[in-house]
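I opened this entry to keep track of what I looked up in the model. I went from the whole chain to single residues.

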Amino acid sequence: MLIKQADHGLLTCLWYLSFHPIQKGLNYVNSHTPEEIAKTIQPQFKETDLQSLIRIVERYQSQNTWKADTIFEEESFLLLENILEEGGELSAQVPYEDLVTTEFSKTAAQKITP
């Protein structure tokens, strides 16, 4: 029982430190204009002028670069496995259920609203 409680606490911490801020960022970029996003990130790209950042963000938005959440869907997992296998980097495929958990991403997507 003690181990399960410790594991749960560790997993909760992992969720909060990993998926929570990523989901908040995804919510932000999916609910703000390119101008707002560019102004927010500009301090991190001091060498890039604001108009260039706006164009970059517009391109990212037009390409649907940012997902709505961090849930790693089975279709995406299978595509990645196929790419790795075709590239000779994966000798055998692993079942999605054996390797992927979406528990934390689903929790973050439900708890963090735009």
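I began with secondary structure. The chain has 6 helices and 0 strands. Read from the N terminus, the order of elements is α-α-α-α-α-α.

I noted that this is a predicted model, and I turned to confidence next. The mean pLDDT of the chain is 85, and 82% of the residues reach 70 or more. I then asked where in the chain confidence is lowest and where it is highest. The lowest is helix H1, residues 2–31, with a mean of 72; the highest is H2, at 98. For residues 1–6 I found a pLDDT below 50. That stretch makes 0 contacts in the model beyond near neighbours in sequence.

I looked up totals for the chain. It has 114 residues, of which 23% count as buried. The exposed area is about 8500 Å², and carbon and sulfur atoms supply 57% of that area. Among contacts with a separation of 6 or more, 54% are between residues 24 or more positions apart.

I went back to helix H2, which spans residues 34–41, and asked which of its residues are buried. They are Pro 34, Ile 37 and Ala 38. Viewed down the axis of H2, these buried residues fall within an arc of 100 degrees, so they line one face of the helix.

Next I checked the surface for nonpolar patches. Phe 72, Leu 80 and Leu 84 form one, and together they have about 230 Å² of accessible area. I placed Phe 72 in the loop between helix H3 (50–62) and helix H4 (74–86). Is Phe 72 buried or partly exposed? Its relative accessible area is 33%, so I entered Phe 72 as partly exposed. The cut-off for joining a patch is over 30%, and Phe 72 at 33% is therefore eligible on that count.

My last look-up was Thr 102. This residue is in the loop between helix H5 (96–99) and helix H6 (103–111). Why does Thr 102 count as buried? Buried means under 20% relative accessible area, and Thr 102 counts as buried because its relative accessibility is 14%. I also listed what Thr 102 touches, leaving out residues up to four places away in sequence: Ile 71, Phe 72 and Tyr 96. Phe 72 thus appears twice in my notes, as a member of the nonpolar patch and as a contact of Thr 102.

Key
Residues numbered from 1 in each chain as written. Predicted model: local features only at pLDDT ≥ 70, side-chain atom pairs only at ≥ 80, totals over all residues. Heavy atoms only, no water. Patch = residues over 30% accessible without salt bridge, like charges linked within 9 Å, V, L, I, M, F, W, Y side chains within 5 Å. Areas by Shrake-Rupley, 256 points an atom, 1.4 Å probe, with all protein chains shown as cover. Salt bridge = Lys/Arg side-chain N within 4 Å of Asp/Glu carboxyl O. Helix = DSSP H or I, 4+ residues; strand = E, 2+ residues; numbered from the N terminus. Buried < 20%, exposed > 50% of the residue type's maximum accessible area, 1.4 Å probe, protein only. Contact = heavy atoms within 4.5 Å. Arc of directions from axis to C-beta. pLDDT = per-residue confidence, 0-100.
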